[in-house]
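Work through the exercises below with the sequence and the model side by side. Try each task before reading its solution.

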Amino acid sequence: MKTRHAVITSVLCSALLLGGAAQAQTQPTTAAAPQATSQQQTALTIRDVYDRLEKQGYKNFREIEREHRHFDVKADDAQGQRVKVRVDMYTGEVLRSRFDD
């Protein structure tokens with residue numbers, strides 16, 4: 001009786017496991033990923049911001065500070081003027097630039 005019960009339990013467990021595996025295999029393997037939002041994108045590092053601004057002619061960086069969704073940078077622009085620059089955290093785009101006091 002115990003042997004028969006063990007065999008039935010074993011068969012049922014195997015059927016459940018195989019059924020679950022078969023069901024898992026029928027689901028699509030290449031689901032379309034939703035469009036990435038700015039929150040899902042990888043944020044730039046301070047080094048990335050430094051390198052991008054340096055290529056644009058900024059120099060003498062005094063401060064690069066990460067804020068909520070942007071970086072605030074104090075540096076000299078290509079003309080040698082002290083400026084505060086706001087940079088988008090994900091794209092590296094200069095959002096605004098103003099003279100620093």
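**Exercise 1: Hairpins**

In the hairpin of β3 and β4, 5 residues lie between the strands, and Gly92 has a positive phi near 80°. Helices (H or I, at least four residues) and strands (E, at least two) are DSSP runs, numbered from the N terminus. The model is predicted: local features need pLDDT of at least 70 and side-chain atom pairs count only at pLDDT 80 or more, while totals for chains, interfaces and linings use all residues. Residues are numbered from 1 along each chain as its sequence is written, and side-chain values use heavy atoms, with hydrogens and water left out.

Task: describe the other hairpins, β2 with β3 and β1 with β2.

Solution. Begin with β2 and β3, whose hairpin has 5 residues between the strands. In that turn, Gly80 has a positive phi of about 90°. Next take β1 and β2, whose hairpin has 3 residues between the strands.

**Exercise 2: The sheet**

Task: find in which order the strands of the open sheet lie, and which strands stand at the edges.

Solution. Step one is to list the pairings; two strands pair if DSSP finds at least two bridges between them.

- β1 and β2 are antiparallel over 5 bridges, and Glu65 is opposite Asp72 in β2.
- β2 (residues 70-76) and β3 (residues 82-88) are antiparallel over 7 bridges. Here His70 faces Asp88 in β3, and Val73 faces Val85 in β3.
- β3 and β4 (residues 94-99) are antiparallel over 5 bridges, with Arg98 in β4 as the bridge partner of Lys84.

Step two is to read off the order: the 4 strands form an open sheet, β1-β2-β3-β4, with antiparallel pairing. β1 and β4 each have a single partner strand, so one side of each has no neighbour in the sheet, and these two are the edges. From one strand to the next, the twist averages 20°. This angle uses axes, which are lines fitted to C-alpha atoms, for helices over the stretch in contact; angles run from 0 to 180 degrees between N-to-C directions.

**Exercise 3: The helix and the core**

Task: state where α2 lies on the sheet, and which elements each supply at least two residues of the largest nonpolar core.

Solution. First, α2 lies across β1, β2, β3 and β4, and runs at about 145° to β1. Second, 5 of the 7 residues of β2 are buried, so this strand is mostly covered (buried means under 20% relative accessible area, exposed over 50%, partly exposed in between, with a 1.4 Å probe and protein chains only).

Third, consider the core. A nonpolar core is a set of buried Ala, Val, Leu, Ile, Met, Phe, Trp, Tyr and Cys residues joined through side-chain atoms within 4.5 Å. The largest one has 14 residues, of which Val49, Leu53, Phe61, Phe71, Val73, Val85 and Val87 touch the most other members. α2, β1, β2 and β3 each supply at least two residues of this core.

Finally, look at Val85: beyond its neighbours within four places in sequence, its contacts (heavy atoms within 4.5 Å) include Leu53, Phe71, Val73 and Val94.

**Exercise 4: Single residues**

Task: classify the ring pair of Tyr50 and Phe61 and describe Ile46.

Solution. Rings of Phe, Tyr and Trp (its six-membered ring) pair if their centres lie within 6.5 Å; planes under 30 degrees apart count as stacked, over 60 as edge-to-face and the rest as tilted. This rule gives 1 aromatic pair. The ring centres of Tyr50 and Phe61 are 4.4 Å apart and the planes stand at 45°, so the pair is tilted. Tyr50 is in α2 (residues 46-55) and Phe61 in β1 (residues 59-66), so the pair ties together parts 11 residues apart in sequence. Tyr50 is partly exposed, at 24% relative accessibility.

Ile46 is also in helix α2. Its relative accessibility is 40%, so Ile46 counts as partly exposed. Not counting residues up to four places away in sequence, Ile46 touches Ile64 and Phe71.
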